[in-house]
Amino acid sequence: MATCGECTFFFRVPENADDFEPDKGDCVTEKRDEKGTYWLSRPVFVSTDSCTQFQKK
Amino acid sequence: MATMAPAVEYKGKVIDFPFENPEEEKIPDDELHEHLAKPSTERTKRLKARCRWKHASAGEFVEHGVRAGIERMRLVTEAHKASRGKPEVTRRALILERCLNKGTICLQTDEKIIGYHAEDPNYFPLYPELSYMNVKDYLMSDYSPQPEAEAEAINDYWKPYSLQAKCEQYFDPIDLTRMYQVSTMEAPTFAHGYNSIIPPYETVLEDGLLKRIKMAEEHIKEAKAELAKEPWDGSKQLSWIPKIDNWQAMVIADKAVIAWARRYARLCKIVAENFESDPDRKKELMEMAEISNRVPAEPCKGLKDAFQAKWYTFLVCHGIERYASGFAHKEDKVLYPYYKASVIDKTFQPMTHADVVEYVEMERLKISEHGAGKSRGYREIFPGSNDLFILTLGGTNRDGSDGCNDMTDAILEGARNIRTTEPSIVFRYSKKNRPQTLRKVFNCVRDGLGYPSIKNDDVGIEQMKYYSKFSMNNNGATDEEAHDWCNVLCMSPGLCGRRKSQKTRSEGGSAIFPAKILEITLNNGYDWAYSDMQLGPETGNAEDFKTYDDLLEAFRKQYSYVMSLVVRAKDVGRHIETQYLQIPFVSSIDDGCMELGEEATHLSEQPNGWHNPITTIVAANSLVAMKKLIYDEKKYTMKQLMDALKANWEGHEEMRKDFKNAPKWGNDDDYADTIIQSFYEDILGGEMAKVTNYSGGPVLPVGQAVALYMEVGSRTGPTPDGRYGGEAADDGGISPYFGTDTKGPTAVLKSVSKVQKNQKANLLNQRLAVPMMRSVHGFDIWHAYMDTWHDLNVDHVQFNCVSTDEMRAAQREPEKHRDLIVRIAGFSARFVDIPTYGQNTIIARNEQNFGPQDFEFMNLELGQ
Ligand code: SF4
């Protein structure tokens, strides 16, 4: 199974960040509904199983 | 064509009332409000058009797609399980840390102030650690968190740990059942989790959290040294242990908040670099990233910093660490130093006054889309409202000088432009307030926003000094600090600033219903009209009361029973909060908690006890009618009255007319006012003041109504004031009953000013005629009225300035009247979002026209 680490929406957390952990990333996805566009970010890891929004890098 | 106010003859002159803005002559009366919104920029116009409103009507969310999220429930539960064995305050810090570290964060188009407290901007979080009944209520609704089975399991897990379960065991089941009826009293806080707080925003903006962490770490170091001192004295040294735990929890909480803000900074940068194509927006996003990297970790240097750091603090204090309603702060005072830096001195984040107004509009829209997981009961009592977001402006500074500044003006301008119902504004009226700001206050009032709601600055200051005397650590408000007050929610002042502010609702809030108490007083404590059960002690039947004093004495006993029970419920809740619902982030930003190593739910330096009598005037007018017609004139017997009431006046129409026509409050009528003054001061206030709460001070009445006057009115049977069973009760703490104040606006003031003793606050609703207010003389009349109100030492007044024509038109075609706003009680709402029952109570309010006798009393000079 593909993992978050291979996904376009995976952005690695920099080493100097307060919440840094090895292999941790921000999953940032764009959403759109009748009110407009917004972006969500939640923590994932390189090895986290991909979700339905997975898009290969 | 718009209606113009008719000319008035005054002091031998004919005074005409042409419109101040002649263009308004062409706007029909029934569409005026649709012409008043003027968002100041294209951005705020877009933001308003796409605002994700979270208000409810008749208990249902008005906007499609709004619902409870599961993420906070899930994270709180994971952290609670993972932290078993640690000190409770540490667990609370770790729960917050997990929510901030692992929760989803959100950024929306166009916004410059970022941050939300749920996993999606259409959702709001729930708080299973507070009330399992409240979560259950959502599980049974269309707004249930998903997946529902998981949410159900989480709620089951929390049931034994919840505030509700921990409190219930200290109450007799009969008392609990009585409280849960919401008939003579509001249900206890532990049953619904409703809460309020005044966060000490100042420490975050002035110090930054890194400094707060350093302070806590230094205290820990000192405390450990004290703990290790020889020879050991357990009677003293052990007291350092809970302090160390508290400071350590503060450090965890503050570090988590900094890291969370920096996650937002990263999100802005990622979106700018990977998703956004507009170069201007990219630049904005990079600036937002830079700001969130710096604040709230460091002190704010400019106004953009301050808006953002304040917003993060708001989210944590009101929505993430724990739920709390409100938006309590003295916003002009909090923001002015940064306004000065950015607008006047231009030392950091240089901007114009117009830029500030845009920020105000953006903040108002952020508040409008901030969701609160209130229980259905609470959604019903705030129809058309989101969550009693109320900020305070004006008043005086610590040295007694005028508290208005250019930030005050920007906030009022932004509010008038963007025309949202929330946040509501309280303006502290002082004779020292500068005219240019008063004019802006008036502009909002005249535009029918229903706010600013006006509070008497001097009354508030004296009140802070009075409560200070009861401080249990002799560190209540100093005379200078007494000037730093804001309303906690709709009506009650509380200290604000770096320390001594209210941190939890046990201090004040929640309601008692005098009209219903009178009803059960007449029936030996039995509620025949709604709950069909014994709601209070057996104090005899109406027919047993040989004198008016006998009747009053029975009422006093019923009222005292409820008062002690409701404050006990709040204080038991407070006790449990200190053990299991600590708020280490709030502790970390309060100077008192930081200095003393105390927890915010535990430390109380300035008592501020109050409870809200709602439906007082129905009870008071009923007492007047009974005294006059039964005890004084003996026109009817009590048995006749009771028969008529039990029949809801049917078959007793003539008798009802007599009771309805008995003297009523608000007409400067000595007979009625003497009875009612004594009812307020000796019974409602006097009995309440005998109760001492957690903080060691007296509990005093804050008469107000939210929309409970409708809800409780519908639960209250027919009353001796001539009211039919189920009709709405009076709409404010001291407002005359709808349509019964017939002697003009100054007669209302004269009546209201008679009540002074044993009161904390009393809400006065007045409805002003639109044509006179929009005329060339509008401001002068209002200003003279306000000075008269102030000189009579009245605590509060707020206005509806909307025509009956426009409200009727909105009832016919709601879709054409989306911007019609009205004042309900402590909050404003879009008229079309209020149920018809509620709309009709606004229409029924007497529209006050000022006449020569009012001008005379107000000592007003009117030119042509
Ligand atoms: S959670 Fe889904 S969208 Fe996010 S990084 Fe992983 S695979 Fe991509």
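Here are some notes on how chains A and B sit together in this predicted model, followed by a few spots inside chain B.

1. **Chain A on its own.** Chain A has zero helices and three strands, so to speak a plain β-β-β pattern when read along the sequence. Its C-alpha atoms fill a box of roughly 40 × 30 × 15 Å along the principal axes. Of the 57 residues in chain A, 46% are buried. If you look at contacts in chain A with a separation of 6 or more, 44% of them link residues 24 or more positions apart.

2. **The hairpin in chain A.** Strand S2 (residues 24-33) of chain A pairs with S3(A) in the antiparallel sense, over 10 bridges. Two residues make the connection between S2(A) and S3(A), giving a hairpin. A:Asp33 has A:Gly36 in S3(A) as its bridge partner. S3(A) is mostly covered, with eight of its 10 residues buried.

3. **Strand pairing across the chains.** S3(A), residues 36-45, also pairs with a strand of chain B: four bridges join S3(A) to S6(B), and the two run antiparallel. For two positions to check in the viewer, A:Trp39 has B:Leu107 as its bridge partner, and A:Leu40 stands opposite B:Cys106. As general background, strands of a sheet pair through backbone hydrogen bonds, either parallel or antiparallel.

4. **How much is buried between the chains.** In the contact count, 30 residues of chain B meet 22 residues of chain A. The area buried between chain B and chain A is about 2100 Å², and carbon and sulfur atoms give 54% of that. On the chain B side, B:Arg52, B:Arg266 and B:Phe275 supply 28% of the area buried against chain A, more than any other three residues.

5. **Polar side of the interface.** The salt-bridge rule finds five across the interface of chain B and chain A. One to look at is B:Arg266 with A:Asp26, at 2.7 Å from N to O. There are also 12 residue pairs in polar contact between the two chains, counting pairs with both residues at pLDDT 80 or more.

6. **Which parts of chain B touch chain A?** H3, strand S6 (105-108) and helix H12 (240-274) of chain B each supply at least two residues of the touching side. H12(B) gives the largest share, nine residues. By class, that side of chain B has 12 nonpolar, eight polar and 10 charged residues.

7. **B:Arg92, buried or exposed?** B:Arg92 is buried, with a relative accessible area of 5%. This arginine is in helix H3 (residues 88-102) of chain B, the helix that also supplies residues to the side touching chain A. The side chain of B:Arg92 reaches the backbone oxygen of B:Glu321 at 3.1 Å. Beyond its sequence neighbours within four places, B:Arg92 is in contact with several residues, including B:Glu129, B:Arg322, B:Tyr580 and B:Gln582.

8. **B:Glu599, a charged residue in a loop.** B:Glu599 is found in the loop between helix H24 (591-596) and strand S16 (610-613) of chain B. The relative accessible area of B:Glu599 is 4%, so this residue counts as buried. Leaving out residues up to four places away in sequence, B:Glu599 touches B:Val89, B:Asn246, B:Gln582 and B:Cys593, among others. B:Gln582, B:Ile583 and B:Pro584 appear in the contacts of B:Arg92 and also in those of B:Glu599.

9. **The parallel sheet in chain B.** Four strands of chain B form an open sheet in the order S13-S16-S17-S18, with parallel pairing. Strand S13 (508-512) and strand S18 (761-762) stand at the edges with a single partner strand each, so one side of each has no neighbour in the sheet. S13(B) and S16(B) run parallel and are joined by three bridges; B:Ile512 has B:Pro613 in S16(B) as its bridge partner.

10. **Why is H30(B) called largely enclosed?** Eight of the nine residues of helix H30 (residues 745-753) of chain B are buried, so the rest of the structure largely encloses this helix. Among the buried residues are B:Pro745, B:Ala747, B:Leu749 and B:Val752. The cover over them includes helix H28 (670-689), strand S19 (765-768), helix H32 (778-791), strand S23 (847-848) and helix H35 (852-857) of chain B.

Terms used. Residues numbered from 1 in each chain as written. Chains lettered and ligands numbered in written order. Predicted model: local features only at pLDDT ≥ 70, side-chain atom pairs only at ≥ 80, totals over all residues. Heavy atoms only, no water. Buried < 20%, exposed > 50% of the residue type's maximum accessible area, 1.4 Å probe, protein only. Polar contact = N/O pair within 3.5 Å; in protein donor to acceptor, adjacent residues only side chain to side chain. Contact = heavy atoms within 4.5 Å. Buried area = accessible area lost by both parts, 1.4 Å probe. Salt bridge = Lys/Arg side-chain N within 4 Å of Asp/Glu carboxyl O. Nonpolar A, V, L, I, M, F, W, Y, C, P; charged D, E, K, R; others polar. Pairing = 2+ DSSP bridges.
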